[in-house]
Amino acid sequence: MIVLKNDKEIEKMRRSGGVVKGALDLVSKSVKPGITTGELDSLVAEYIESEGAKAAFLGYGGFPASICSSVNDEVVHGIPGDRTLEEGDIIGVDVGSIVNGFYGDSARTFEVGTVSTEAKKLLQVTERALNKGIEQAKPGNYLSDISHAVQQEVEAEGFSVVRKLVGHGIGRKMHEDPQVPNYGRPGRGVLLREGMVIAIEPMVNVGSADVRVLEDDWTVVTIDGSLSAHFEHTVAIRGDGPDILTS
Ligand code: MG
Ligand code: MG
């Protein structure tokens, strides 16, 4: 069941989204060779608390941290810890917050120092694919118009979209209906309506689309060891088009 949000609820979600944005801006300033993923997690945990918000991921399904940090061939759901970032790495950081009972969810992938041309291109294409998807998030379109736009952008550049993991509706729960795949033919799925709020989140691999989960039961990695990137925004569908709540 898709839960529509009224204007007041969307404004509450924007506050939660603002905390997530602030946290990712802080990560952006802090990412550099030598810092550990655990240190990034601590910075975000402190920031979220200082904003009077709650970290949405901490304890979610038993997840032990406030951010997911996914380095290089890690796609999503990496657990922060004592891994030290090195020059040339890329790191995806996913942050969720709860403010007044509403969730915000957003992710970006960052360059650590100077990265390869291929890594740079992967980040650019993944963020652009997210934006192409967001453009389709308007009343009268179908859900898979978003999916299709993401897939097209990615595959035109020779990369692949992860299919085993998808975006999602969001509101008073982190994961609500509908699921938002990053692939598919256009004109299918639910008709988009004003008041829907969804997290659109392309996960893009340089090589095969296939992924597997590590022994820690969380970290998703590419099956072929190729680099992967992840960008995500929480987006409200309004009468006049998409309204990004995490920017
Ligand atoms: Mg997320
Ligand atoms: Mg999400």
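Me: Why is asparagine 72 called buried?

Reply: Asparagine 72 has a relative accessible area of 16%, and buried means under 20%, exposed over 50% and partly exposed in between, computed with a 1.4 Å probe on protein chains only, so asparagine 72 counts as buried. The structure is a predicted model, in which local features need pLDDT of at least 70 and side-chain atom pairs count only at pLDDT 80 or more, while totals for chains, interfaces and linings use all residues. Residues are numbered from 1 along each chain as its sequence is written, chains are lettered from A and ligands numbered from 1 in the order in which they are written, and side-chain values use heavy atoms, with hydrogens and water left out.

Me: Where does asparagine 72 lie, and what does it touch?

Reply: Asparagine 72 is in the loop between strand 2 and strand 3, where strands are DSSP runs of E with at least two residues, helices are runs of H or I with at least four, and both are numbered from the N terminus. Leaving aside residues up to four places away in sequence, asparagine 72 touches Arg83, Asp89, Ile90, Ser226, Leu227 and Ser228, a contact being heavy atoms within 4.5 Å.

Me: What makes Asp105, His168, Glu201 and Glu232 donors of the magnesium ion (ligand 2)?

Reply: Donors are N, O and S atoms within 2.8 Å of the metal (3.2 Å for Na, K and Ca), and sites may look incomplete, as water is not among the atoms. Asp105 (OD), His168 (NE2), Glu201 (OE) and Glu232 (OE) coordinate this ion at 2.1 to 2.3 Å, so each of them meets the rule of 2.8 Å. Histidine 168 is in strand 7 (residues 167–169) and glutamate 201 in the loop between strand 9 and strand 10 (203–205), so this pair ties together parts that are 33 residues apart in sequence. Histidine 168, at 4% relative accessibility, counts as buried, and so does glutamate 201, at 7%.

Me: How do you know which residue the two magnesium ions share?

Reply: The magnesium ion (ligand 1) is coordinated by Asp94, through two OD entries, by Asp105 (OD) and by Glu232 (OE), at 2.0 to 2.5 Å. Aspartate 105 coordinates both ions, which are 3.2 Å apart. Distant parts of the chain are linked here, with aspartate 94 in strand 4 and glutamate 232 in the loop between strand 13 (228–230) and strand 14, 138 residues apart, and both of these residues are buried.

Me: What makes the contact of asparagine 6 with lysine 8 a cap on helix 1?

Reply: A side-chain oxygen of asparagine 6 lies 3.1 Å from the backbone nitrogen of lysine 8, at the N-terminal end of helix 1. A polar contact is a pair of N or O atoms within 3.5 Å, where within protein one must be able to donate a hydrogen and the other to accept it, and residues adjacent in sequence count only if both atoms are side-chain atoms, so the 3.1 Å pair meets the distance rule.

Me: How do you know that the span of helix 1 agrees with its number of residues?

Reply: The expected span is 1.5 Å times one less than the number of residues, so the 24 residues of helix 1 (residues 7–30) should span 34 Å, and the end C-alpha atoms are indeed 34 Å apart. Helix 3 (residues 117–135) agrees as well, since its 19 residues should span 27 Å and its end C-alpha atoms are 27 Å apart. The buried residues of helix 1 pack against helix 2 (37–50) and strand 4 (90–99), among other elements, and those of helix 3 include Ala119, Leu122 and Leu123.
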